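Student: I would like a close look at a single part of this protein, the nonpolar core, followed outward to whatever borders it. Please take it slowly and keep to what the coordinates support.

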Amino acid sequence: MIGERIYSGSPYEEKAGYARAVVIDDWVLVSGTTGFDPDTKEFPKDVEAQCENCFRNISRALEQAGASLEDLVRVLIFVTSQEEFERIMPIIRKHCYAARPANTTVIAQLVAPHMRVEVEVMAKKRRKS
């Protein structure tokens, strides 16, 4: 197996057989992350809260890998409608602005109807001098 695996404890990781993130050298690839709240074990109803949860869960995975949101180089966002994208743009900006990663956003149906947004990222850890 190439690279270190990072797990969040999400039941979906076990059910579908994937890791929250994979670390290869200085690269951190974080799986698509939905708005699931690991503390309440629920999905908030509104897209803004789900988007905040996405970035909170991604940030935790990056921390475990020795990186942060400031190390983002790529972000891929799936959202269920143009209107919802308009609502989450300020949240994306808040979490991504320091890194200014390359971004692709796709309007798409997600795996379950209660999922409103999913975010996948790639980061490159900074080398310590």
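Tutor: Let us begin with one residue, Leu62, which, when residues up to four places away in sequence are not counted, touches Val28, Val30, Ala67, Ser68, Leu69, Leu72 and Ala123. Please keep in mind throughout that this is a predicted model, and that the distances and areas below are computed from it. Leu62 belongs to the largest nonpolar core, a set of 29 residues, in which Leu62, Val28, Ile88 and Val119 are those with the most contacts. Several elements build this core, since strand S2 (21-24), S3, H2, strand S4 (72-79), H3 and strand S6 (117-124) each supply at least two of its residues. Helix H2 provides the largest share, seven residues. In soluble globular proteins, nonpolar side chains tend to be buried together. Apart from this core lies another, of five residues, among them Phe36, Phe43, Leu110 and Ala112.

From the cores we can turn to Thr34, which lies in strand S3. Thr34 counts as buried because its relative accessible area is 14%, below the 20% cut-off. Setting aside residues up to four places away in sequence, Thr34 touches Phe43, Asn53, Cys54, Asn57, Met115, Val117 and Glu118, and Phe43 is one of the residues named for the five-residue core.

Asn53, one of the residues that Thr34 touches, lies in helix H2. With a relative accessible area of 9%, Asn53 is likewise buried. A polar atom of the Asn53 side chain lies 2.9 Å from the backbone oxygen of Gly35. Beyond its neighbours within four places in sequence, Asn53 is in contact with Thr34, Gly35, Phe36, Asp37 and Pro44, and among these Phe36 is another residue named for the five-residue core.

Thr34 also leads to open space. The largest pocket holds about 460 Å³, and of the 21 residues that line it, Ser10, Tyr12, Tyr18, Arg20 and Thr34 are the closest to its centre. Helix H1 (11-16), strand S3 (27-34) and helix H2 (47-64) each supply at least two residues of this lining, with H2 giving the most, four residues. H2 therefore appears twice in this account, as the source of the largest share of the 29-residue core and as the element that gives the most to the lining of the largest pocket, so that both roles rest on the assignment of helices as DSSP runs. By class, the lining of this pocket has nine nonpolar, eight polar and four charged residues.

Helix H3, another contributor to the largest core, leads to the second largest pocket, which holds about 160 Å³. Val75, Met89, Ile92, Arg93, Cys96, Tyr97, Arg100, Pro101 and Asn103 line this pocket, and helix H3 (residues 82-96) gives the largest share, four residues. Six of the lining residues are nonpolar, one is polar and two are charged.

Tyr97, one of these lining residues, is placed in the loop between H3 and strand S5 (102-107). Tyr97 is partly exposed, with a relative accessible area of 41%, and a polar contact of 3.1 Å joins its side chain to that of Arg100, which also lines the second largest pocket. As a last reference point, Tyr97 and Val47 are 50 residues apart in sequence, and their C-alpha atoms are 20 Å apart in space.

Note on methods: Residues numbered from 1 in each chain as written. Predicted model: local features only at pLDDT ≥ 70, side-chain atom pairs only at ≥ 80, totals over all residues. Heavy atoms only, no water. 1 Å grid on protein atoms, 1.4 Å probe; cavity = no way out; pocket = protein on both sides within 12 Å on 5 of 7 lines; lining within 4 Å. Points joined across faces, edges and corners; volume = space filled by probe spheres on them. Nonpolar A, V, L, I, M, F, W, Y, C, P; charged D, E, K, R; others polar. Buried < 20%, exposed > 50% of the residue type's maximum accessible area, 1.4 Å probe, protein only. Polar contact = N/O pair within 3.5 Å; in protein donor to acceptor, adjacent residues only side chain to side chain. Contact = heavy atoms within 4.5 Å. Core = buried A, V, L, I, M, F, W, Y, C linked by side-chain atoms within 4.5 Å.
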